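User: Could you take me through one part of this model at close range? I work at the bench, so please explain the terms as you go.

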Amino acid sequence: MAPSAEEVAANSAAREGDNKPFAFRHFPPEMLKDALRQMHLIRRFEEGAEESYMRGLIHGTMHLSIGQEASAVGTCLALTDTDQITSTHRGHGHCIAKGAEVGRMFAEFFGKETGYCRGRGGSMHIADVTKGNLGANGIVGGGLPIAVGAALSMKMQKRRDVVVSFFGDGANNEGAFHEALNMASIWKLPVVFVCENNKYGMSVSTERSTAVKNIADRAVAYSMPGVTVDGNSLSDVAEASHKAIERARAGQGPTLIECKTYRHRGHSKSDRNRYRTKEEIDDWISKDPIGRFEAEMLDYGVVDAAEIEAIRAGVEREIADGIEFAKNSPSPDAKDATAFVYTA
């Protein structure tokens with residue numbers, strides 16, 4: 001018997017749904033809208049931090065991840081508060097994607113008592129264990145062995161939680177990278193290694209520093225899956241991380257994910273960008289992950305233009321309030337200079 005018109009329409013809709021990117025098939029609209037809000041929040045937080053630095057409100061330096069927002073948000077979509085992450089010196093996006101409050105982050109940047117580390121850690125050492133953020137790390141590759149230790153603890157406690165360890169392409173040539181992957185594979189630990197390959201370890205390109213074409217190719221040496229994805233596509237990142245996280249939860253061990261992306265700014269505030277051409281930077285800016293995700297959300301009817309503007313306006317208010325909170329927060333008392341600082 002021939003299918004009815006209703007059945008034909010249903011089958012057609014199902015096929016169209018199958019053709020949608022992973023994120024639009026797997027996550028509800030409200031979750032996708034919040035993902036867009038987080039991406040804008042990361043971008044505006046870092047731009048706000050950069051502006052505050054230029055006005056002398058922040059001292060030292062900072063490493064901005066502007067252009068890499070899809071990697072942080074896409075990875076963390078499948079995580080819960082009891083899952084954990086380790087981060088990097090370029091970790092503001094990871095902190096926000098894992099639930100950090102931008103007011104307390106600004107306060108940390110400003111060296112105020114209301115910061116996540118009471119103003120002692122600054123840009124590179126924000127942690128929030130209540131949200132599972134074990135901390136950013138100023139040491140290249142420093143978070144990798146910490147993540148393995150945390151994952152071992154989870155396995156010994158028979159928890160279903162996982163650890164995600166973010167690191168940059170420069171860390172893949174550190175001994176800690178190889179030791180961490182090897183140990184995690186031997187013990188089948190619930191850890192996902194996420195390399196944010198933005199093409200440059202400080203000022204040296206991956207083509208000059210790394211023997212393999214794709215960093216994920218190194219996974220085969222440690223008997224784990226290795227996946228290379230477009231790090232500017234939130235959906236591609238979310239799909240790879242979802243599979244890896246579910247695999248880890250099931251006790252099947254670690255995965256190495258490589259997100260190929262790009263930082264629009266220099267390595268740090270002292271970087272004069274002499275090793276990159278303007279054409280290269282402009283080409284990557286044209287592939288901006290936020291604009292790309294907005295266009296997809298509009299195409300699939302998840303949001304309309306007015307909703308996007310409302311998200312942007314809400315983020316602007318949150319950033320402005322966060323900066324004011326940091327400005328008005330108390331500075332540490334000199335007599336407490338050594339309080340909350342630990343040494344082994």
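Let's look at the sheet: over how many bridges do β6 and β7 pair, and is the sense parallel or antiparallel?

Analyst: Happy to. β6 and β7 pair in the parallel sense, over five bridges. A quick word on what you are looking at: this is a predicted model, in which local features need pLDDT of at least 70 and side-chain atom pairs count only at pLDDT 80 or more, while totals for chains, interfaces and linings use all residues. Residues are numbered from 1 along each chain as its sequence is written, and side-chain values use heavy atoms, with hydrogens and water left out.

As for the names, helices (H or I, at least four residues) and strands (E, at least two) are DSSP runs numbered from the N terminus. Two strands count as paired if DSSP finds at least two bridges between them.

Back to your pair: Asp230 stands opposite Lys260 in β7. Between these two strands the chain crosses from β6 through α10 to β7, a β-α-β crossover that is right-handed. Right-handed here means that, with the strands pointing away from the viewer, the path from the first strand over the helix to the second runs clockwise.

β7 also pairs with β3: the two run parallel and are joined by six bridges. There, Phe193 has Leu256 of β7 as its bridge partner. Five of the six residues of β7 are buried, so this strand is largely enclosed by the rest of the structure. Buried means under 20% relative accessible area, with exposed over 50% and partly exposed in between (1.4 Å probe, protein chains only).

Now the whole sheet. It is open and has five strands in the order β1-β2-β3-β7-β6, with parallel pairing. β1 (84-86) and β6 (226-230) are the edge strands, each pairing on one side only. From one strand to the next, the twist averages 20°. Angles run from 0 to 180 degrees between N-to-C directions, and axes are lines fitted to C-alpha atoms, for helices over the stretch in contact.

At the β1 edge, three bridges link β1 in the parallel sense to β2, residues 163-168. Gln84 stands opposite Val163 in β2.

Finally, the helices that pack on the sheet include α4, which touches β2, β3 (191-197) and β7 (255-260) and whose direction makes about 170° with that of β2. Another is α7 (residues 143-156), which touches β1, β2 and β3, with its direction also at about 170° to that of β2. Touching, or contact, means heavy atoms within 4.5 Å.
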